[in-house]
Structure formats: C-alpha cells, structure tokens
Amino acid sequence: MIRYLKKTNGYKYPGNITSYRKRKRINSVFCSLFALIIGLLFSFPFIMMISGSFSASTVMSDDVFFWWPKHWIIDNYTTILNRSYFITWIANSFLYAVVPVLSTVIISLILGYFFEKRRFWGRNFLFWCFLSMIMVPTQVLAVPRFMLFSKMNLIDTYKVILLPAIWDITSVFFMRQYMKGIPNSIEEAAIIDGCGVFRVIFSIYAPMCVPAIASVAILKFVSQWNEFFYPLVFLTSENKYPITVGLSSIMAESSSFGLTMAGAVVNFLPTFIVFLCLQKYFIEGITAGGIKG
Amino acid sequence: MSFFHWNYINKPLFLGFQNWGRIVHDQVFLKSMVNTGLFSLYFVVPVIVLGLVLALLINSKLNKLKFVRSMYYLPVVTSFVVLSALWLWLFASGDYGIINNFLKLLHLSPQPFYNSETQALQVLSLLSIYKCAGTIMIYYYAALKNIPDTLYEAATIDGANERQKLMKITLPTLQPTTFYVLILAITWSFQVFDSAYLITSGGPNNSTQTIVYQIYLNAFTGAKGGYASAQSVLLFLMILTITLILKRFNKNDNEA
C-alpha cells in the first residue's frame, strides 16, 4: 500500500519525494505571505485609526506618516470624553443595543419554538409571510415607519429606536433552524413530568440552544451598535443620539484628525471586543442563518 | 401613501399617479438611479471575487497563518460611520490625503478622489467592498468546508493539478453560494446610503446621489412624504424584480 502511494506521488510530481516536499513548503510560504499582505492592507486603516488617535496633529500635512504620532499623547481622548453629551451617547448606544438583544433572544426563542415544535392552523403560511419580509430592505421601511411613529407622537424618544428593533425575523428563522436538530422526545418527557409551555421553552430548550442564542445576541448587538440610518432620521435632540450619529456630528463640526480618530476608536471598541472574544459564534451565526434563507 | 401628498402636518391629499409622474421628470432622482446602477457595477463583481479569493486563502492548507481570517473580517463588525471617518482621511483630495501621500512617494500623480465626479463614486464603492468582503468570505468559507475531501482525493488520483481542481471541482460546487451572494451584494448596493451621506453628501454635482439618499432628502429634510413613499416603493420593486430575474436564470441553469 505504501509503495503504491509513493508511486502515485512519484507519478504526479516527477522527481523524488524530497523535492516535492520542498516545493510544497515554498508554495506554503508564498501563500502565507500573500495572505499576510492582504491582511495588512485590510488592517491598515485600523492601525492608522488607533495610532492617529494618539497623535497631536490637528490638520493634515504632506508628511507621509503624519498619522504616526511623534509623541504618544492621550489628549484626544480626554478632550472627547469631556465633550458635552459624549458619555451620554455611549450610554445611549448601550441602551439601544442591549435592550433589543434581550428582547430578541426571548422573542426568537418563543417564536422559534412555536414555529418548529407546535402545529397550528396556518403555521407554514404565517412563517413564509414572515420570511418574505426579510426581502424588504430597512431603508424602504423608513418612510412608512416615520409616518406611523409621527402619528403616534414617538419621534425623538427612546422608544422610536427600541420598538422596531425589538425582534427580527432572521433571528426567529435561525432559532427555528437550530431547534430542528433537537429531538422532540426530550420535550415530551418534560411535558409528561408536568412542564408548562414556557417552562419547556426556557428550562428545556434555552439551555440546549446556547450556541444559537449566542449567535443571535452577538449579531443583534453589532447591528444595533452600528445602526446609523434610523437614529439619524428618528432622533432630533442631541442627548438621545447613539454614538454613531454622535461621531458623525463630531466629524461634521471638527476637522481635527486626532479627535475624529479617538471618537472612531471609542465607537469601534465594543464591537471589536465582542468580536475578538466570540469570533466562533459570529461565523456560525452568519453561515447557519444565511445559507438556507 | 405613494398616491398622496403629505407633509406630515396637514391631512394627506390624494393625488392619484402624480407622485409617480414626478419621478420620471425628476432629473436628480434619475441621476441617482444611474449612480446606483454604476455603484452596483463597481461593487458587485469585485466584492464577490475578493470574497472568494479571501475564502480560498483562509481555507487553503498551504496558508499557515490562521489569524488573518480575523483581519479580513474586522471591517464587517465596524460601523459605516467609523469606516467613513477613516475613508475621509485616507482618500482626502489634494496634496494632503494619506493615499495621495503614498502615491507621491511612488512618484505617481495625486488623485482628486472626492472632488472628481467619476472617482467619488468609485472610492465609495471601494469602501463598501472593504466592508462587505468579509461577509462574503464567510459564506464561501462555509461552502468550501462542505465540499467533501473525497472529491479532491479522487481528482488527485486521476492526476489533476491544482488549477484543474479549482476550475472543475471548487468553482462548480460553489455555484449555489455564488447565486445567493450575488443577490445579497445587489441588495446591498441598492441600499448604499451611509457613506454617501457622511463623506460626500451626494456631491460633487450629484455624482454620488443614491436612491436611498434621495428618499432620505425628500422624506426627512424636504417633508415630501408621499413622494418619498413612491420612491421607496420603486426601490423595493427594483430589488424584487432583479431578484426574481436572477432566480429565473438560476433555475434555467440548473435544468440545463
């Protein structure tokens, strides 16, 4: 058998095994190097952002490396944290991100359970109605939502950001998909032991769905944190802005390079930390929730 | 609401098809439609190709540096606002932008970027490519993981080289993913707003006006609710039609 394998290798790569390995190693180094160069190109803006936030330069200069600080200072951060509303913006952003995460997880667990494990009249039809709503882009909904919310006198309140974000269909779909993999017998045993519907969902299914919950929560957190269009349109008073809109107003009013970069770093940091700690779930979430949609 | 005139204060006034007729004569909106089309042209194919290349890179056994995956994915979790701030300084026009400084270092002439009608849109699409390539990479990566190794082993025994394996095994098996990603990318390109608003605010000379930006201007700064509704409906219909047409093509492909 071994002799056969060697033979096929020898057939494919004229020459002996050592030269084959050598060539493979050269290919590997070349490939890794290429990947690294693209990686550096991708991270260059971030390097520029972080180093720039510590630099003193307020205006652009024609020095190629003006974004690399000659003296590392933290003045930009102290200035920006002392700016009026900046702390409020961060707090708002957390509010706009954390509340929808909690509600989305709970609602998608409940709806996912009902759509997957219970049979009721019109279930599939209702689910397909929900799914077709994914097709409608959020910006298309902005105008009708604006009309509705201005009728309800909700414009420029916290509720106007929180209400539309309270749940989303993708999460329900993802949760349903995940629950498909859990056998019904567990639930049946629990019901025989006297579990109610909500106990079944939260004490039986929730612990088994932890990976799905994590993915849903993380994707929701990032998308809420990065949301820009809705807050821009629906909020008018500065003390209700999330950090994204706040940063855009800093960009508009100051032309200081270091200051803008410091704001960008603060805006970027929470999602970056979440991403670094929970990378695995990101990838799972995107692939499992998306491919079959 | 697309059949009404409404400024959010008075009672809505029924207009029939007047809002729809106005779209046809609105030069700026027509231009924004052309721009959105151009944007798709600059965006869709490059982002898919780049995403595929990145996926092949992180999936390849030859590549020993696994951490580059996070580098590629980083822009996806970053907000458009942050990226726009970075882009604004990277591609600043004149003698002072960072990219222009590098160009000078290489003895190339500095580019006008945001001040030029043709380049502004291209720079914006570059931003979107940068942000979205990571997502597409992950889709392709998941699909690549699903290709059974036995296919490649069989090909190796049959004496196929790496290029043949790529062309005859990898790319055909990725075809459903490509279809899905294509729809996704087109939908994204029709929704571009943040970067156009933050970096160029539609200028120079309306060359970066996009459909969503027009909707924003009409609905929220111009208080023309009915007209903006008509534009929203039109945008939705456009996305829907393109998706359906693509679906049709895909079906024909599978039958053939």
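This report covers the two chains, their interface, two helix pairs and a few single residues.

The model is predicted, so local features need pLDDT of at least 70 and side-chain atom pairs count only at pLDDT 80 or more, while totals for chains, interfaces and linings use all residues. Residues are numbered from 1 along each chain as its sequence is written, and chains are lettered from A and ligands numbered from 1 in the order in which they are written.

## The two chains

Helices here are DSSP runs of H or I with at least four residues, strands are runs of E with at least two, and both are numbered from the N terminus. Chain A has 15 helices and 0 strands. Chain B has 12 helices and 2 strands. Along the sequence, chain B reads β-β-α-α-α-α-α-α-α-α-α-α-α-α.

Burial is counted from C-beta atoms placed from the backbone: a residue is buried with 20 or more others within 10 Å of its own, exposed with 12 or fewer, and partly exposed in between. Of the 293 residues of chain A, 33% are buried. Of the 256 residues of chain B, 43% are buried.

Two residues are in contact if their C-beta atoms, placed from the backbone, lie within 7 Å. Take the contacts between residues at least 6 apart in sequence. In chain A, 74% of such contacts join residues at least 24 apart. In chain B, 67% of such contacts do so.

## The interface

In the interface, 55 residues of chain B are in contact with 54 residues of chain A. Several helices of chain B each supply at least two residues to its side, among them H3 (68-77), H4 (80-90), H6 (117-146) and H12 (225-255). H12(B) gives the most, with 8 residues. By class, this side of chain B has 39 nonpolar, 13 polar and 3 charged residues. Here Ala, Val, Leu, Ile, Met, Phe, Trp, Tyr, Cys and Pro count as nonpolar, Asp, Glu, Lys and Arg as charged, and the others, Gly among them, as polar.

## Two helix pairs

Two packed helices are described by the angle between their axes and the distance between the axes. Axes are lines fitted to C-alpha atoms, for helices over the stretch in contact, and angles run from 0 to 180 degrees between N-to-C directions. Angles under 35 degrees count as roughly parallel, over 145 as roughly antiparallel, 65 to 115 as roughly perpendicular and the rest as oblique. A crossing is left-handed if the near helix is turned anticlockwise from the far one by less than a right angle, and right-handed if clockwise.

| Helix pair | Axes come within | Crossing angle |
|---|---|---|
| H4(A) (86-117) and H8(A) (169-179) | 8 Å | roughly 50° |
| H14(A) (257-277) and H4(B) | 9 Å | roughly 155° |

The axes of H4(A) and H8(A) cross at roughly 50°, which makes H4(A) oblique to H8(A). Their crossing is right-handed. From H4(A), residues including A:Thr104, A:Ser108, A:Leu111 and A:Glu116 meet residues of H8(A), including A:Val172, A:Met175 and A:Arg176. This contact has 7 nonpolar, 4 polar and 3 charged residues.

The second pair joins the chains. The axes of H14(A) and H4(B) cross at roughly 155°, which makes H14(A) roughly antiparallel to H4(B). The crossing is left-handed. A:Phe257, A:Thr260, A:Ala264, A:Asn267 and A:Phe268 meet B:Val81, B:Val82, B:Ala85, B:Leu86 and B:Trp89. This contact has 8 nonpolar, 2 polar and no charged residues.

## A helix in the open

Helix H5(A) runs over residues 123-134. None of its 12 residues is buried: the number is 0, so H5(A) lies largely in the open. The expected span of a helix is 1.5 Å times one less than its number of residues. For H5(A) that gives 16 Å, and its end C-alpha atoms are 18 Å apart, which agrees.

## Single residues

B:Tyr227 lies in H12(B). B:Tyr227 counts as buried because it has 28 C-beta neighbours inside 10 Å. Leaving aside neighbours within four places in sequence, B:Tyr227 is in contact with B:Asn19, B:Arg22 and B:Asn218.

Most residues other than glycine have a negative phi. A:Asn153 has a positive phi, near 55°. A:Asp156 also has a positive phi, of about 65°. A:Asn153 lies in the loop between H6 (138-151) and H7 (159-162) of chain A. A:Asp156 is in the loop between H6 and H7 of chain A. A:Asn153 is exposed, with 9 C-beta neighbours inside 10 Å. A:Asp156 is partly exposed, with 14 other C-beta atoms within 10 Å.
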